[in-house]
Amino acid sequence: MGEFAVHRVRFFGLVPAGVRCLACHPRGARLALARTDGAVEVYNFAANYYQEKVIPGHEGRSVESLCWVAGDRLFGAGLSGDITEYDLSRLSAARGTDGGGGPIWSMAANSTGTQLAIGCEDGSVKIFQVVPGGIQFERNLDRRKGGSGQRHRPSPPLCSGGSPATPSCPPRAGQTVQRIMVNYHMEKTRRECVVWAIALLSRGTVVTADSYGRVQFWDWQQGTLAESHTVSTSAALSLAVSEREDSIVVGTSTGATYQLQLLPVKLGGSEKRWVRTKPFQHHSHDVRAVAHSPTALISGGLDAQLVIRPLMEKVQKKGYDTALRKFTFPHRRLVSCARKARLLLFQFSQHLELWRLGSTKESGKDGEVLPLCRMPEHLVQLKSKGPEHIYCSSVSPCGTWLGYSTASRFHLYRVRCDGDSVSLRKV
C-alpha cells in the first residue's frame, strides 16, 4: 500500500433535522418518518431497516403527522393546513387537499384505510373519504377548543384531546357523547394539563399521555379513571400501542422512552393490569414520535436519532435482527469530492458550500499529525432559489463543474478558480 494523507474535515457544520412523527405500515413492512425540515423518509423492515426512499423537504410544507392508507399510499399533514399524498415512485408530493380547519396537528386512518380523520387548529375533527386519485371531504365532527384527533383501528369510535385536556368520543353521527376533564382528577392544579397523545383500545379504554408525565387509562363509556401511571417528572409527549394491545411505548421530554405491558395480577389468573416494565434512555432531547412494531420499539427525537430496540421476547434466536440500531447520520451522500482540484462540496437543505482542502509541506511517520502551511478555505456559498430543498449535489473530479437538483429542477454551474478568486457562471 502506498503512502496517502488523511484529511480530518471538521468544518462541515451539518445540523441534522429532528424526527417529528413516525408511521408503521399496517402490515409491518415499512416505516415512514418525517423530520422537522419537512423531509419524509421510508425504511424497509425486511431489508434490515434500509432507508429506501427520501422525499426532500419544502419550506411551505411542515409534516406533523403521517399515515398509511389503502395499501401503500402515504399521506401527510401539517401546519400548512393541507393533506398531502406522496408519490413514492417519483419521490415527491403528488397532490394536496386543504383540510379547511387551519394547521393540522394529527391524522389517523380507520382499519380498512378508507377514511382519514384529522385534528385541526380550530378545534374541529374532520373525516375524509379515501378515493382513487385523492381524498374527498365527508363530514365534520363536533368542534371544541384546542382539539386534535386520533382515530383507532375500529371504525366507529374516535377521540380528540388537547388543551384544556378533555378527551371526547364522538359516535358516527359526529356528536360528542363523553367528555372527561383530566384536571378534576388531580388534588392540586397549578398549571393547565395538556393531553399530548391519545389512543383508543378495542375494549373501550382510552389511553392518554399528558404534560404531567402520566399515562392514564379511562373507561370511555363511564368517563372514569381506571389506572394512572406517572412515568416521568416531565411531559409524556407520544405513545403507541402494539397490534395485540398488550404493550405500549411512551416517549417523554427528557429523552427517555418507557414500555408498559398488560400482565396478569396473579400467575395463571385472568385479571390483568398495566405495569411499567422497561425504561430506555437513548435520546438526549424530546421524544416526539414513537411506534410499536410486532418485534421492536421505535422512537425518534429532536436529537435527529431514529432508535429501533428489538423486543427480545419476540425473537426466536439471537442474531443480527436482535441488535440495537441507532440511525444518527443521513444515509444520503452529502459530501462530494473533486480529487484533482482538492475541493469538497458540502450539501445543506437550502445551500451548498465549496471548500478547498488545506495542504502541508511536511512529512512524518505513520499516524503523525502534520502542520498545515495552508489552512482550509471556504470558497463559495451557493444558495438555492425557491422553497424546495436540495435533494442531491455533486462537483466534477476536475472541480470545474457543480450541479445540484431539487424535486423539480436541475441546476448546473461552471466554476472558475484563478488563484485566490473564484467565480460561478450558471449554465
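The legends below describe close-up views of a predicted model.

**Figure 1. Strand 3 and its burial within the predicted model.** Strand 3 covers residues 40–44, and five of its five residues are buried, so this strand is largely enclosed by the rest of the structure. In a regular strand the side chains alternate between the two faces of the sheet. Val40, Val42 and Asn44 point one way from strand 3, whereas Glu41 and Tyr43 point the other way. Residues on both sides of strand 3 are buried, the charged-side-chain residue Glu41 being one of them.

**Figure 2. Pairing of strand 3 with strand 2 and with strand 4.** Strand 2 (residues 30–35) runs antiparallel to strand 3, and five bridges join the two. Within this pair, Arg30 stands opposite Asn44 of strand 3. The hairpin of strand 2 and strand 3 has four residues between the strands, and Gly38 takes a positive phi near 90° there. Strand 4 (residues 50–55) is likewise antiparallel to strand 3, to which it is joined by five bridges. Here Asn44 stands opposite Tyr50 of strand 4. In the hairpin of strand 3 and strand 4, five residues lie between the strands, and Asn48 takes a positive phi near 60°. Asn44 thus appears in both pairings, opposite Arg30 and opposite Tyr50.

**Figure 3. The largest nonpolar core.** This core holds 18 residues, and those touching the most other members are Val207, Leu239, Ile248, Val250 and Leu260. At least two core residues are supplied by each of strand 15 (195–200), strand 16 (205–210), strand 17 (214–219), strand 19 (236–241), strand 20 (247–252) and strand 21 (256–264). The largest share, four residues, comes from strand 21.

**Figure 4. Thr254 in the loop between strand 20 and strand 21.** Thr254 occupies the loop that lies between these two strands. With a relative accessible area of 35%, Thr254 is partly exposed, because this value falls between the limits of 20% for buried and 50% for exposed. Thr254 and Ser234 are 20 residues apart along the chain, and their C-alpha atoms are separated by 6.8 Å.

**Figure 5. The largest cavity and its lining.** Rolling a probe the size of a water molecule over the atoms shows where empty space is left. The whole structure contains four cavities of 30 Å³ or more, and the largest encloses about 60 Å³ of space. Its lining consists of Val249, Thr257, Phe280, His282, Leu297, Ile298, Ser299, Val307 and Arg309. Strand 24 (296–300) and strand 25 (306–310) are the elements that give two or more residues to this lining. Strand 24 provides the largest share, three residues. By class, five lining residues are nonpolar, three are polar and one is charged.

**Figure 6. The second largest pocket.** This pocket contains about 970 Å³ of space. Its lining comprises 27 residues, with Ala5, Val6, His7, Glu368 and Leu370 lying nearest the centre. The lining is made up of 11 nonpolar, eight polar and eight charged residues.

**Figure 7. Cys21 and Cys373.** Cys21 has a relative accessible area of 6%, so it is buried, the limit being under 20%. Cys373, at 49% relative accessibility, counts as partly exposed, because exposed residues must be over 50%. The count of disulfides in the model is zero.

Terms used:
Residues are numbered from 1 along each chain as its sequence is written. This is a predicted model: local features need pLDDT of at least 70, side-chain atom pairs count only at pLDDT 80 or more; totals for chains, interfaces and linings use all residues. Side-chain values use heavy atoms; hydrogens and water are left out. On a 1 Å grid over the protein atoms alone, a cavity is a set of points where a 1.4 Å probe fits but cannot get out, and a pocket is an open set with protein on both sides within 12 Å along at least five of seven lines; lining residues have an atom within 4 Å of a point. Grid points are joined across faces, edges and corners, and a volume is the space filled by probe spheres set on the points. Buried means under 20% relative accessible area, exposed over 50%, partly exposed in between (1.4 Å probe, protein chains only). Two strands pair if DSSP finds at least two bridges between them. A disulfide is a pair of cysteine sulfur atoms within 2.5 Å. A nonpolar core is a set of buried Ala, Val, Leu, Ile, Met, Phe, Trp, Tyr and Cys residues joined through side-chain atoms within 4.5 Å.
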